[in-house]
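Got your viewer open? Load the model, switch to cartoon view and keep a selection box handy.

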Amino acid sequence: MFIKLLALVALVVLVTVGVLAANKPGKPAAKPSPGCDTMCTVPHKKTAKGDFEVVKSDAEWRKTLSQDQFYILRQKGTEQAFTGAYWNNHDEGVYVCAGCGATLFASKTKFDSGTGWPSFYMPISLKALHTEKDTAYGMVRVEVMCGRCGGHLGHVFDDGPKPTGLRYCINSASLKFTSAEPASEKK
Ligand code: FE
């Protein structure tokens with residue numbers, strides 16, 4: 001019995017370390033990259049609580065979000081790699097916040113990072129995101145949040161492709177895909 005328990009604990013630790021390691025590659029984005037406005041990596045003046053445009057209580061969020069969405073968006077959780085709806089989505093369109101509907105990323109900036117999470121080299125608008133330094137789990141990373149509701153989206157790293165060199169590593173559960181073109185792209 002004790003040995004089974006020990007094996008179970010070891011398995012949980014290994015899986016956790018694996019997930020964290022997969023989400024860690026590269027250094028956190030700390031300086032502006034060519035082709036990217038400095039706001040890409042500079043936190044907005046907003047704080048995590050209180051002054052986002054969309055503010056709801058946890059009880060209110062639970063009414064509109066699934067359990068997974070609430071865990072990730074409102075409790076800063078992370079979905080398992082290669083399990084989300086969009087890591088392998090190659091359709092053209094836009095990704096909006098699953099919490100508030102704000103337009104966040106365009107499919108044309110999505111790339112195959114091999115991490116198992118949807119990855120983008122830039123947001124649809126620099127104002128769409130809010131970033132903060134994240135020191136959880138003994139790592140220094142840059143957390144990416146929805147600039148409208150403060151929902152946790154993922155992290156941004158500086159090992160992305162050109163033209164920005166950034167990799168926005170985002171949870172599928174934080175996003176909703178729509179095949180409609182972003183307003184700024186319509187002719
Ligand atoms: Fe949002």
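The stops below go from the whole chain to single strands, and each one starts with something to select.

**Before you start**

This is a predicted model, so local features are taken only where pLDDT is at least 70, side-chain atom pairs count only at pLDDT 80 or more, and totals for chains, interfaces and linings use all residues. Residue numbers start from 1 along each chain as its sequence is written.

**Stop 1: the whole chain**

Colour by pLDDT, the predictor's confidence in each residue, from 0 to 100. The protein chain averages 80, and 69% of the residues score at least 70. Now select 11-45: the pLDDT is below 50 over this stretch, which still has 57 contacts in the model beyond near neighbours in sequence. A contact here is two residues with C-beta atoms, placed from the backbone, within 7 Å.

Switch to colouring by secondary structure and you get three helices and nine strands. Helices (H or I, at least four residues) and strands (E, at least two) are DSSP runs, numbered from the N terminus. Along the sequence they read α-α-α-β-β-β-β-β-β-β-β-β.

How many of the residues are buried? Of the 187 residues in the protein chain, 35% are. Buried means 20 or more other C-beta atoms within 10 Å of the residue's own, exposed means 12 or fewer, and partly exposed is in between, with C-beta atoms placed from the backbone. As for contacts with a separation of 6 or more, 63% of them join residues 24 or more positions apart.

**Stop 2: helix α3**

Select 67-74, which is α3, and show side chains for Gln69, Ile72 and Leu73, which are buried. Look down the helix axis: the buried residues of α3 fall within an arc of 90 degrees, so they line one face. That arc is taken from the directions from the helix axis to the C-beta atoms. Add 152-157 to the selection, since β7 is part of what covers these buried residues. Just after the helix comes Lys76, with a positive phi near 60 degrees.

**Stop 3: the largest nonpolar core**

Next, select Leu104, Phe105, Val144, Tyr168, Ile170 and Leu175. Of the 34 residues in the largest nonpolar core, these touch the most other members. Such a core is a set of buried Ala, Val, Leu, Ile, Met, Phe, Trp, Tyr and Cys residues joined through C-beta atoms within 7 Å. Two or more residues each come from α3, β1 (94-97), β2 (103-106), β6 (141-146), β7 and β8 (167-170).

Centre on Leu104. Leaving out residues up to four places away in sequence, Leu104 touches several residues, including Tyr95, Pro123, Ile124, Cys146 and Leu175.

**Stop 4: β1 and its two partners**

Select 94-97 and look for neighbours, bearing in mind that two strands pair if DSSP finds at least two bridges between them. β1 and β2 run antiparallel, joined by three bridges, and Val94 has Ala106 as its bridge partner. Five residues separate these strands in their hairpin, where Gly101 takes a positive phi near 85 degrees. β1 also runs antiparallel to β9 (residues 175-178), with four bridges between them; there, Tyr95 stands opposite Phe177.

**Stop 5: the six-stranded sheet**

Hide everything except the open sheet with the order β3-β4-β8-β7-β6-β5 and antiparallel pairing. Which strands stand at the edges? They are β3 (110-111) and β5, each with a single partner strand, so one side of each has no neighbour in the sheet. At the β3 end, two bridges join β3 to β4 (residues 119-120), with Phe111 partnered by Ser119.

**Stop 6: β6, strand by strand**

Select 141-146. Six of the six residues of β6 are buried, so the strand is largely enclosed by the rest of the structure. Arg141, Glu143 and Met145 point one way, while Val142, Val144 and Cys146 point the other.

On one side, β6 pairs with β5 over six bridges in the antiparallel sense, and Thr131 has Val144 as its bridge partner. In the hairpin of β5 and β6, six residues lie between the strands, and Tyr137 in the turn has a positive phi of about 60 degrees. On the other side, four bridges join β6 to the antiparallel β7, with Glu143 opposite His155. That hairpin has five residues between its strands, and Gly150 in the turn has a positive phi of about 75 degrees.

Last selection: Glu132, in β5 (residues 129-134). Glu132 is partly exposed, with 16 other C-beta atoms within 10 Å. Draw a C-alpha to C-alpha distance to Val144 and you get 6.8 Å, across twelve residues in sequence.
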